[in-house]
Amino acid sequence: MSKVSVTGLTKEFGDLTVLKDVSFEVNKGEFLCIVGPTGCGKTTFLNLLAKLIPATKGTIYIDNEEADPKKHNISFVFQEPSSLPWRTVKDNIAYGMQVKKIPPAEMEARLEKVIDLVGLSDCINLYPNEISASMEQRVAIARAFATNPDLLLMDEPYGQLDLKLRFYLEDELIRIWTESKNTVIFITHNIEESVYLADRILVLSNKPTTVKQEVLVDLPRPRNILDPEFSRIRNQVTDLIKWW
Amino acid sequence: MGKKSTNTLVLRIIPYVSILSCLIIWQLIVVLNIVPNTLLASPLQVIKLFIYKLNHTQPDGGLILVHAFVSLKEALIGYVLALLIGIPLGLAMGWFKPIDGLIRPLFEILRPIPPVAWIPLTIFWFGIGLSGKVFIIFLAGLVPVVINSYTGVRMTNPVYIRMARTYGATKWRIFIDVCVPSALPMVFGGLQVALSVSWMTLVAAELIAADSGLGFFITMGQRLLMPDMIILGILMIGLTGVVIGIIVDKVEKRLVAGMWR
């Protein structure tokens with residue numbers, strides 16, 4: 001059953017065509033990764049999906065209805081830190097639910113669960129400038145999952161973290177996702193990360209960006225990056241986005 | 001350890017030494033008649049006058065603390081009015097395009113006019129009483145308050161706004177939840193600037209048109225050829241300004257600490 005369906009999505013900035021006729025489907029509960037060469041308009045792509053900017057042409061449907069942040073439950077985890085500095089960790093995680101007007105009792109229950117899942121129980125009363133960059137990104141992820149989104153968009157959330165932390169947070173992300181079964185679209189330029197996380201990978205082309213190919217990753221989790229099948233898929237994706 | 005504590009002791013004493021030596025030099029200049037007493041009063045004369053003015057209304061018609069209180073009252077009413085109107089106006093201009101479009105052209109025309117330029121007109125309109133001064137101070141305080149509130153909202157990190165939008169927050173909700181708290185430090189910066197501008201403008205207004213207040217006190221000193229009275233007025237203005245500055249700073253620290261860390 002398809003949860004999100006994108007048809008003929010096109011974005012032009014003046015004469016520059018950034019996205020050209022992109023069509024794809026995302027299944028309910030699927031973890032979709034989108035990879036592509038640097039500067040191919042990945043972020044524009046996500047901004048379109050989140051309805052932050054209007055599309056020139058094409059449609060985005062969620063559950064057979066035109067996507068709308070006020071109606072659908074969309075969450076976005078940004079590349080940059082996005083915790084509000086005047087709110088504590090706990091109040092930041094609650095923000096999405098407050099906007100969605102979740103009843104207080106349920107909010108408390110969900111907060112407790114998600115804070116526990118991301119391992120932030122010890123610092124719920126701290127402010128963003130009192131915690132590390134990786135913890136701040138976990139706050140953003142907890143805030144996103146707490147709203148139990150129809151569609152969770154992630155824009156290179158671990159791009160600015162070091163390798164070890166990234167591995168750790170990727171495992172954590174998979175754990176939360178496995179438990180919540182939300183639909184995720186995860187953008188990255190890191191091929192290994194995409195093979196490690198995704199059910200399916202969409203490889204984008206250079207500008208004007210289209211979907212070059214789909215790659216299914218049918219490997220059991222937790223995945224082993226030394227598995228020969230893992231390497232095969234990684235090489236396949238690498239070959240697809242080579243432009244040199 | 002011993003050396004360090006001596007150092008801090010010296011550092012603590014230094015400011016008092018500089019003030020004290022200034023006072024001594026000043027006293028000597030007058031006592032040795034380097035500058036004639038008709039042009040400059042000595043610190044001791046000023047202190048004597050201050051003590052005298054605490055319970056004598058002569059020669060200007062009011063006690064010194066009454067003058068200070070009148071000035072303070074005028075400044076605070078004008079200042080508070082400027083905050084009550086300026087902060088919401090500036091914040092709204094920063095976020096809601098139609099309000100910005102309506103108000104900004106007018107504001108840009110009024111902005112470069114020095115508030116003291118309004119004094120003659122306000123004398124026509126309000127006379128030399130309280131309301132005229134309040135109006136001038138309101139105008140003077142309004143400009144920095146509006147500009148800082150506006151800029152504070154404009155400088156909101158766009159990621160925070162996008163974040164709130166993706167959760168489906170309305171424009172109003174984003175304004176209240178994200179833009180206003182994010183603008184607060186800038187708003188408070190504006191309050192400090194507005195305060196010093198208001199205080200300066202008030203004194204200018206009182207020098208020109210008043211029947212009480214510290215500016216009036218100075219003018220009387222000039223008319224009566226009493227340099228000690230002029231100097232006392234100047235010092236009182238400085239001291240009162242410092243006291244209000246400290247109060248605003250304290251209020252700011254408490255309020256911002258509640259919202260920002």
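Which residues are buried in helix H7 (residues 158-166) of chain B? Keep in mind that this is a predicted model, then select that helix and look. Val159(B), Tyr160(B), Ile161(B), Met163(B), Ala164(B) and Thr166(B) are the buried ones.

**Around H7(B)**

Now bring up what covers those residues. The cover comes from both chains: it includes strand S6 (74-77), H2 and helix H4 (133-146) of chain A, along with helix H3 (64-95) and helix H8 (171-208) of chain B.

Next, go to the start of the helix and select Asn157(B). This residue caps the N-terminal end of H7(B), with a side-chain oxygen 3.0 Å from the backbone nitrogen of Val159(B). Then hop to the other side: Gly168(B) follows H7(B), and its phi is positive, near 85°.

**Where the chains meet**

Stay with chain B for a moment and select Arg162(B), then add Glu80(A). The two form a salt bridge, and their closest N and O atoms are 3.8 Å apart. The count of salt bridges between chain A and chain B is one, so this pair is the one to label, given the 4 Å cut-off for a side-chain nitrogen and a carboxyl oxygen. As for polar contacts between the two chains, there are six residue pairs, both residues at pLDDT 80 or more.

Now color the chain A side. S6, H2 and H4 of chain A are the elements that give two or more residues to the side touching chain B. H2(A) gives the most, with four residues. By type, that side of chain A divides into 14 nonpolar, eight polar and six charged residues.

Select the whole contact and you'll pick up 28 residues from chain A and 20 residues from chain B. Together the chains bury about 2300 Å², 61% of it on carbon and sulfur atoms. Show Leu52(A), Trp86(A) and Tyr95(A) as sticks: they supply 30% of the area that chain A buries against chain B, more than any other three residues.

**Two more stops**

Jump to Ile102(A), in the loop between helix H2 (89-99) and helix H3 (104-117) of chain A. Is Ile102(A) buried or exposed? With a relative accessible area of 15%, Ile102(A) is buried, because the cut-off is under 20%. Leaving out residues up to four places away in sequence, Ile102(A) touches Met97(A), Met107(A) and Arg110(A).

Finish on Asn148(B), in helix H6 (residues 130-154) of chain B. Asn148(B) counts as buried too, at 17% relative accessibility. Beyond its neighbours within four places in sequence, Asn148(B) is in contact with Met186(B), Gly189(B) and Gly190(B).

Technical notes
Residues numbered from 1 in each chain as written. Chains lettered and ligands numbered in written order. Predicted model: local features only at pLDDT ≥ 70, side-chain atom pairs only at ≥ 80, totals over all residues. Heavy atoms only, no water. Buried < 20%, exposed > 50% of the residue type's maximum accessible area, 1.4 Å probe, protein only. Contact = heavy atoms within 4.5 Å. Polar contact = N/O pair within 3.5 Å; in protein donor to acceptor, adjacent residues only side chain to side chain. Buried area = accessible area lost by both parts, 1.4 Å probe. Nonpolar A, V, L, I, M, F, W, Y, C, P; charged D, E, K, R; others polar.
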